[in-house]
Amino acid sequence: MTLRILLPLALVAGVSLVGSAMAQTAAPADKSKENVSAETTKPTGPLPVEQLHLSAQLAAYGRANKDPLSLIVAAQIRQQVGTKVVERAPEGGEAGAASPATDVVASLLDEAKAVSKNDKTIVALADDVKASATKGRVGGGIISLGQITGRTIHNRTMNFRAKEAAEIAVVGIDTSKIMLEVFDEGGHLICRDTDPAYCRFTPAWTGEFKVKVHNNGTSLAHYRLETN
């Protein structure tokens with residue numbers, strides 16, 4: 001028995017900026033205004049971090065409801081998107097640390113088997129997903145692993161391009177007390193969400209954004225920060 005979930009991913013084309021023949025100085029950004037564009041381009045397909053966020057939501061549902069199929073679908077989605085793990089240490093904080101669930105797809109499939117008490121049908125579905133994996137695949141999701149002490153905030157500065165969709169997601173690996181906030185360079189709050197957290201916006205101009213990961217719990221926790 002096989003499980004087939006078709007999740008075509010659209011490639012986001014880069015925007016080519018062509019200057020005029022005569023050199024001109026671009027007008028400075030008005031930092032008194034939020035760096036969010038009202039002009040949003042509708043994606044031609046699912047965005048990578050949006051799909052990773054959907055995977056995290058399905059995984060949370062599967063654990064809460066002891067539903068092995070949700071865990072398998074979560075693994076399949078994440079596998080189809082593909083990810084690349086990079087070290088992106090928080091400012092003034094410890095570097096990204098090894099987490100207890102680095103291989104997320106394999107971990108989800110193992111969870112599905114355990115929840116089903118090794119039901120033959122579930123094991124077959126999980127093994128089918130595992131067998132279809134493309135080794136070494138790098139996709140559209142960029143992941144940083146981090147560990148954060150209780151009642152602590154990790155800060156990172158990221159650059160996003162004008163008129164292109166920016167995606168940021170955070171999910172706690174061994175906690176549900178994580179919160180995500182995104183501020184533009186003028187200090188305006190662009191987005192706030194809780195674990196599993198997802199923020200999507202389109203900058204009006206190319207600029208820096210402050211990404212804050214909060215651990216609202218009291219214990220050391222591990223998390224994944226995902227961006228496009």
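1. Two strands count as paired if DSSP finds at least two bridges between them, and the strands and helices themselves are DSSP runs (E, at least two residues, for strands; H or I, at least four, for helices), numbered from the N terminus. With that in hand, start at I168, which stands opposite T227 in β9.

2. Quick housekeeping: this is a predicted model, where local features need pLDDT of at least 70 and side-chain atom pairs count only at pLDDT 80 or more, while totals for chains, interfaces and linings use all residues. Residues are numbered from 1 along each chain as its sequence is written, and side-chain values use heavy atoms, with hydrogens and water left out.

3. Back to β9, residues 221-227. Its partners include β4 (residues 166-172), joined to it by 5 bridges in an antiparallel arrangement. β2 (residues 141-148) also pairs with β9, again antiparallel, over 7 bridges; there, G146 has Y223 as its bridge partner.

4. How many residues of β9 are buried? The count is 7 of the 7, so the strand is largely enclosed by the rest of the structure. Buried here is under 20% relative accessible area, exposed is over 50%, and partly exposed is in between (1.4 Å probe, protein chains only). Both faces are covered: A221, Y223, L225 and T227 sit on one side, with H222, R224 and E226 on the other. I'd look at that second side in the viewer, given that H222, R224 and E226 are all buried.

5. β8 (207-215) is another strand to check. β3 and β8 are antiparallel and share 9 bridges, with T157 partnered by K210. β5 also pairs with β8 in the antiparallel sense, over 7 bridges, and D184 is matched with F209.

6. On to the packing. A nonpolar core is a set of buried Ala, Val, Leu, Ile, Met, Phe, Trp, Tyr and Cys residues joined through side-chain atoms within 4.5 Å. The largest one has 20 residues, and I168, L180, V182, F201 and L225 touch the most other members. Two or more residues come from each of β3 (152-160), β4, β5 (178-184), β6 (189-194), β7 (197-201), β8 and β9. A second, separate core of 14 residues includes L71, A75, L125 and A126. As background, nonpolar side chains tend to be buried together in soluble globular proteins.

7. V182 is a handy residue to click on. Taking contact as heavy atoms within 4.5 Å, and leaving aside neighbours within four places in sequence, V182 touches I168, H188, L189, I190, C191, C199, F201, F209 and K210.

8. Two of those contacts, C191 and C199, form a disulfide, with sulfur atoms 2.1 Å apart; the cut-off for a disulfide is a pair of cysteine sulfur atoms within 2.5 Å. The structure holds 1 disulfide. The angle about the S-S bond is -85°, making the link left-handed, and both C191 and C199 are buried.

9. Now some backbone items. The peptide bond from D195 to P196 is cis, with omega near -5°. P196 is in the loop between β6 and β7.

10. Which residues other than glycine have a positive phi? K117 is one of them, at about 60°, and R151 is another, near 55°. K117 lies in the loop between α3 (104-115) and α4 (120-131), and is exposed, with a relative accessible area of 74%. R151 is in the loop between β2 and β3 and also counts as exposed, at 61% relative accessibility.
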